[in-house]
Amino acid sequence: MIETNAMVDLLTPLKKYFGYTSFRPLQEKIILDVLAGKDVMAVLPTGAGKSLCFQLPALVNDGLTLVISPLIALMKDQVDALNSVGVAATFLNSTLDSDESKTRLRGLFNGDYKMLYIAPERVLMSGFLEMLSGWKIGLVAIDEAHCVSEWGHDFRPEYAQLLKLRAKIPNVPFLALTATATDRVRTDILNRLELRNPEIYVSSFDRSNLTYRVMERQSASKQVLDIVRSHGDESGIVYCLSRNGAESLAQSLRAEKIKALPYHAGLDNETRATNQEKFIKDKVQVICATIAFGMGINKPDVRFVIHHDLPKNLEGYYQETGRAGRDGLPSECILLYHPGDMLKLTQFIQEMPDPEQVKRAKAQLSQMLDFAETSICRRKPLLGYFGEVYSADRCEACDNCLTPRTQYDGTIAAQKFLSTIYRIKSKGGFSVGIQHVIEVLTGSESEKVVKWNHQHLSTYGIGKDTSRSLWNSIARELLRHGLMKQNPEQFNTLELTTAGAKALKDRTPVMLHQPAFQSKKEKKEDPKKRAAIGLPNSPLFEHLRKVRRRIAEERNVAAFIIFSDVTLRQMASMAPKNKTEFRTLTGVGERKLAEFGDLFIEEIREFVSQQ
């Protein structure tokens, strides 16, 4: 622990080990608070440098930094990356045999390591807590801290028992880190981990290097193939709702000569681990996965994330898209959406046993639908979910800002919909949901329409010329306009708002947006107009990627552990001629300068001379 008024030199170890000359937003403040012995909660988006907030204190602090992480499959990569820059780190998990575990435990008692990565289950095992007194723990970093909350999207019961750790080492500061946490989840983290007078840091959730797009799902396999091919040999993830979907999509991509593998909970542990490792090490270009492809995938150069199906909620969608562009370079996130997704997910939700869970899931699905169908900047609802106001009118990095949808006079459609709500309530004294209103408008002879005599309403069948999917789109836009509202306590039945009743009475003009998704017979996007994503890859950059891959394969590590794409792009741009110039590259610390400087300088020299 370091006194708060002490002068702490952080920039020297920052450059020496990690190759950076400055901090990202909030990093330095968090690190200084941790070094002063304070409890800290930090909510920073993926790619904002959360790991440095405990890795740098581990180098400056006395003792061992304990990093609790649920990501067993990634611990080796994280430790390899630290060892490659000269940081003494290790991990303990179920992938190690008994002899290797004992060897590492001896090293921990001998003080050989500055950092230990460990899963929460291992921490709680009999005997482990008793060992801690012999290790002089300086900091406990709890990664993916949202796992402690039942309100989060990835609750893990073992996280809730981490207070046993606090009881064993009461004077050691705790650092809780997560990339996704609503206000409710943040409060849960503070309470369940009993953080003491914590400093709280919440960064912007905006990932400015990501471009968000929503496309109508028509021929999904072909659409995915087109997107993959548009990215050359860059890495990407495709999220599917079902295991079968992940399997069949991977198979169809392989049939088109794309290196693709599935990842889902139905595969045995060894196959899942093998498929993930091949993806991490660039032996496979695309992983087709269910949400079982866990959080925090440690691969910074994922250039695209495709959602083959509509996700269940915005929190999961945000985290899954957050696996793109962790190195800060331009990347894209594409959601393939069909209005029928809503019915499929609603049926799934109805099967949940807990009524409160059903209500919460329906509200989350409604937010997801709003995001998919909105005509405004997609960052507004996405960041708004986490309580952040995106104040700019346009982000210029989503489809709605790059190619805005046109508006049309939707007054007649609005009048038909609002009038039907009013007449149903007036006739029977009760309210109904969106789908029933649409059944009346389209002249359905469904059981409920006939049972309640709604076929005799004056608005019955007056919307036959409009498809049900378009009426659904109109209904959700009327909700966003505030002309009607849903009552979550009454199965999301519809009520006219004061503004809606006035608009119905006064025939107020209502402007609607052209639907985001139109059939093939209607408007289709010209692929040539689609904004380019990413950076052009120079021949030298591509050559350096091959050199990096060769070295990584020789050492049996992921390519990014040698150098990130950011470093390679700088290398290709600057073409350093000596170690003095090479040292200035982002991500080049002393160990990497010594190990790889001469090799890459020579490769650059030879390539340039040949060109």
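Let me begin with a pair of helices: helix 1, residues 11–18, and helix 3, residues 52–60, pack at an angle of about 105°, and their axes lie 10 Å apart. I should say straight away that this is a predicted model, and what I describe should be heard in that light. Because angles from 65 to 115 degrees count as roughly perpendicular, helix 1 and helix 3 are roughly perpendicular to each other. On the side of helix 1 the contact is made by Pro13, Leu14, Tyr17 and Phe18, while helix 3 brings in Leu52, Gln55, Leu56, Leu59 and Val60. Sorted by class, this contact of helix 1 with helix 3 has eight nonpolar residues, one polar residue and no charged ones.

Now to the sheets, and I will take the seven-stranded one to start with. It is an open sheet with parallel pairing, and its strands follow the order 3-4-2-5-6-1-7. Which strands stand at its edges? They are strand 3, residues 89–92, and strand 7, residues 199–202, and each has a single partner strand, so that one side of each is left without a neighbour in the sheet. On average, and ignoring direction, neighbouring strands here are turned by 15° against each other.

Staying at the strand 3 edge, four bridges join strand 3 to strand 4, residues 115–118, and the two run parallel; within that pairing, Thr90 has Leu116 of strand 4 as its bridge partner. Two helices pack on the sheet in this region. Helix 4, residues 72–84, touches strand 3 and strand 4, and its direction makes about 165° with that of strand 3. Helix 5, residues 98–109, touches strand 2 (64–68) as well as strand 3 and strand 4, and its direction makes about 130° with that of strand 3.

The next sheet is also open, with six strands in the order 8-13-12-9-11-10 and parallel pairing. Its edge strands are strand 8, residues 210–216, and strand 10, residues 260–263, each of which pairs on one side only. Here neighbouring strands are turned by 20° against each other on average, direction again ignored. At one edge, strand 8 pairs with strand 13, residues 331–337, in the parallel sense over seven bridges, and Met215 stands opposite Leu336 of strand 13. As for strand 10, helix 11, residues 243–255, lies across it together with strand 9 (235–239) and strand 11 (286–289), running at about 175° to strand 10.

Finally, a word on internal space. How many cavities of 30 Å³ or more does the structure hold? There is one, and the volume of this largest cavity is about 50 Å³. Its lining consists of Glu234, Ser235, Asp301, Arg303, Phe541, Arg545, Asp565 and Arg569, and the elements that give two or more residues to that lining are helix 23 (539–555) and helix 25 (565–574). By class, the lining of the largest cavity has six charged residues, one polar and one nonpolar, whereas the contact of helix 1 with helix 3, where I began, has no charged residues.

Technical notes: Residues are numbered from 1 along each chain as its sequence is written. This is a predicted model: local features need pLDDT of at least 70, side-chain atom pairs count only at pLDDT 80 or more; totals for chains, interfaces and linings use all residues. Side-chain values use heavy atoms; hydrogens and water are left out. On a 1 Å grid over the protein atoms alone, a cavity is a set of points where a 1.4 Å probe fits but cannot get out, and a pocket is an open set with protein on both sides within 12 Å along at least five of seven lines; lining residues have an atom within 4 Å of a point. Grid points are joined across faces, edges and corners, and a volume is the space filled by probe spheres set on the points. Ala, Val, Leu, Ile, Met, Phe, Trp, Tyr, Cys and Pro count as nonpolar, Asp, Glu, Lys and Arg as charged, and the others, Gly among them, as polar. Two strands pair if DSSP finds at least two bridges between them. Axes are lines fitted to C-alpha atoms, for helices over the stretch in contact, and angles run from 0 to 180 degrees between N-to-C directions. Contact means heavy atoms within 4.5 Å. Angles under 35 degrees count as roughly parallel, over 145 as roughly antiparallel, 65 to 115 as roughly perpendicular and the rest as oblique.
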